[in-house]
Amino acid sequence: MKEKNQEEAGKMGCRKRKVFYGWIVVACVCMILFLAFGSVYTFTTFFESFQVEFGTSRSSTSLVFAIAGFLYFSLGAISGQIADRMGSRWVIASGVFVISLGLLLSSFTVTVKQIYLVYGLGIGIGVGFTYVPAVGVVQRWFVTRRGLASGIAVMGIGLGTLGMPAFSAVLIHWSDWRTAYMVMSACVFCCGMAAAKLIVDSPEEMGLMPDGERSMRGDRTDLQNNIPEKSQQLESELTVKDVLKTHPFWLLYAGTFSGSIGVFIPFVHLMPFSKDLGHTTSTGVLLLGLIGVGSTVGRFLIGGLADRLGRRRSLTCMYAVMAAIFAWWLVSSRIWELALVAIIFGTCYGGFVALLPAVTADYFSGSNISGILGALYTSVAFGNLLGPTFAGFMFDLRQSYVIPIFMSILAAIVASICTLFLEKPESWRETFFQ
């Protein structure tokens with residue numbers, strides 16, 4: 001009786017609702033990622049405060065960011081599978097809570113080891129239980145417009161990169177870095193919990209089909225009768241364990257790992273790099289904001305274009321252009337040159353973040369997509385741990401970023417080659433299921 005009432009309520013809601021609820025889910029995910037990754041990428045605005053407060057080198061300070069990044073990408077392998085089995089909403093809500101707690105506790109730290117513990121672990125675990133479940137739930141709501149939906153959802157990361165560092169810089173200027181963390185903690189908790197409450201795991205729960213098509217009944221059986229036999233087989237048979245035995249997964253894994261080595265270096269070191277050239281702190285904040293602008297445009301524009309041009313091909317191009325812009329970074333010193341680096345890098349980064357889950361879902365879509373994405377994102381975890389830390393270490397050793405930037409160029413080229421060798425998703429699926 002309860003299920004029947006829920007089904008009827010879902011149908012009535014669908015009749016009254018003019019906007020496909022999948023777009024509401026996308027908007028909620030966008031807000032959550034804005035808060036989560038905005039909290040992560042504000043790290044660069046606290047970089048100097050940490051060095052002054054705790055007397056640390058650039059490599060040891062960079063390690064705080066690297067620990068957080070390693071955790072939130074590697075934990076996706078766990079949180080994704082939990083979300084697949086038990087639902088995304090409460091997993092995301094728990095991640096939001098841990099992020100807000102980590103920010104709050106960071107305001108009370110008195111040693112760099114405590115920062116490693118509460119920021120590195122708090123932000124790392126919190127985002128780890130937020131990102132993959134949030135991105136995974138969007139893949140279930142869309143198929144035809146998956147690239148566009150993913151792009152809009154992860155646009156929150158770009159907007160967070162644009163808005164949160166500027167917001168935190170104002171807070172630090174107005175008071176101090178400890179107060180800034182307290183205010184950010186309250187914002188993340190209130191807004192993040194509200195957004196998480198509105199997330200629904202799949203269109204089937206509301207009597208809908210992906211992309212807004214109406215199903216005759218709200219149960220999963222009837223929905224499965226309306227999708228191709230290959231798709232049913234893909235969803236029912238491909239577990240995380242199965243995917244780990246396929247060559248497209250490992251090509252994606254190798255490419256993602258290589259690309260991630262350089263991807264996170266600008267978020268930590270572009271601002272210190274500009275200050276070393278004699279530019280002001282406000283210039284560094286501006287550069288990070290321009291990354292956010294480019295990232296926002298890249299997620300929205302490239303995600304939509306890739307649905308028409310081909311998502312796999314578009315991802316290959318993103319890596320190639322990223323290699324070129326890192327090469328430009330090597331010879332950049334004036335503000336306009338660094339601004340160009342920030343905008344183009346941000347656009348490529350936005351395209352990378354939007355396309356990676358969509359391309360993965362093109363090969364392995366189904367009920368286990370969050371767990372599969374989590375397994376793939378462990379490659380990003382290792383790249384994030386290696387890139388910024390190595391860049392800080394090399395700067396401490398040689399007082400130069402030339403070697404880390406050159407390494408980023410080579411890594412992006414390798415990533416482009418790995419993605420280029422991927423089969424077309426439809427061809428691979430036909431061969432795999434024969």
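Which helix holds N384? In this predicted model, N384 turns up in helix α20, which spans residues 378-398. With a relative accessible area of 0%, N384 is buried. Setting aside residues up to four places away in sequence, N384 touches F65, A66, G69, F70, Y72 and F73, along with S260 and F264.

Several of those partners bring helix α4 into the picture. Helix α4 covers residues 58-74, and its axis lies 7 Å from that of α20, at an angle of about 175°. Angles over 145 degrees count as roughly antiparallel, so α4 is roughly antiparallel to α20. On the α4 side the contact takes in R58, S59, S62, L63, F65, A66, I67, G69, F70, Y72, F73 and S74. Facing them from α20 are T378, V380, A381, F382, N384, L385, P388, T389, G392, F393, F395 and D396. Sorted by class, the α4 and α20 contact has 14 nonpolar, 8 polar and 2 charged residues.

Past α20 there is a backbone oddity. Q399 sits in the loop between α20 and α21, and Q399 has a positive phi of about 55° although it is not a glycine. As a rule, most residues other than glycine have a negative phi. What is the relative accessibility of Q399, and is the residue buried or exposed? The value is 55%, so Q399 counts as exposed. Helix α21 itself runs over residues 402-420 and includes T419. T419, by contrast with an exposed residue, counts as buried, at 2% relative accessibility. Beyond its neighbours within four places in sequence, T419 is in contact with R312, L315, T316 and Y319.

A second antiparallel pair is made by α2 and α8. Helix α2 (residues 21-41) and helix α8 (residues 131-141) have axes that come within 10 Å and cross at roughly 160°. The two helices are therefore roughly antiparallel to each other, and α2 passes α8 in a left-handed crossing. From α2, the contact draws on Y21, G22, V25, V26, V29, L33 and F37; from α8, on Y131, A134, V135, V137, V138 and W141. By class, that contact of α2 with α8 comes out as 12 nonpolar, 1 polar and no charged residues.

Y131 deserves another look. Leaving out neighbours within four places in sequence, Y131 is in contact with L33 and F37, and also with F73, I157, V353 and Y377. Y131 is also among the residues with the most contacts inside the largest nonpolar core, together with Y41, W141, F264 and Y349. That core has 121 residues, and helix α18 (residues 335-364) supplies the largest share, 16 residues. F264, one of those well-connected core residues, is also one of the residues touched by N384.

The pairing of α3 with α15 has another geometry. Helix α3 (residues 43-54) packs against helix α15 (residues 265-276) at an angle of about 55°, with the axes 8 Å apart. That angle makes α3 oblique to α15, and α3 passes α15 in a right-handed crossing. Here T44, F47 and E48 of α3 meet F267, V268, M271, P272 and K275 of α15. The residues in this contact of α3 with α15 divide into 5 nonpolar, 1 polar and 2 charged. Which residues of α3 are buried? F43, T44, T45, F46, F47, S49, F50 and F54 are buried in α3. After α3 comes G55, with a positive phi near 60°.

A last buried position is S79, found in helix α5 (residues 76-86). S79 counts as buried because its relative accessibility is 0%. Apart from neighbours within four places in sequence, S79 is in contact with V91, G128, F129, V132 and P133. S79 and G95 are 16 residues apart in sequence, and their C-alpha atoms are 9.5 Å apart in space.

Terms used: Residues are numbered from 1 along each chain as its sequence is written. This is a predicted model: local features need pLDDT of at least 70, side-chain atom pairs count only at pLDDT 80 or more; totals for chains, interfaces and linings use all residues. Side-chain values use heavy atoms; hydrogens and water are left out. Axes are lines fitted to C-alpha atoms, for helices over the stretch in contact, and angles run from 0 to 180 degrees between N-to-C directions. Helices (H or I, at least four residues) and strands (E, at least two) are DSSP runs, numbered from the N terminus. Angles under 35 degrees count as roughly parallel, over 145 as roughly antiparallel, 65 to 115 as roughly perpendicular and the rest as oblique. A crossing is left-handed if the near helix is turned anticlockwise from the far one by less than a right angle, and right-handed if clockwise. Contact means heavy atoms within 4.5 Å. Ala, Val, Leu, Ile, Met, Phe, Trp, Tyr, Cys and Pro count as nonpolar, Asp, Glu, Lys and Arg as charged, and the others, Gly among them, as polar. Buried means under 20% relative accessible area, exposed over 50%, partly exposed in between (1.4 Å probe, protein chains only). A nonpolar core is a set of buried Ala, Val, Leu, Ile, Met, Phe, Trp, Tyr and Cys residues joined through side-chain atoms within 4.5 Å.
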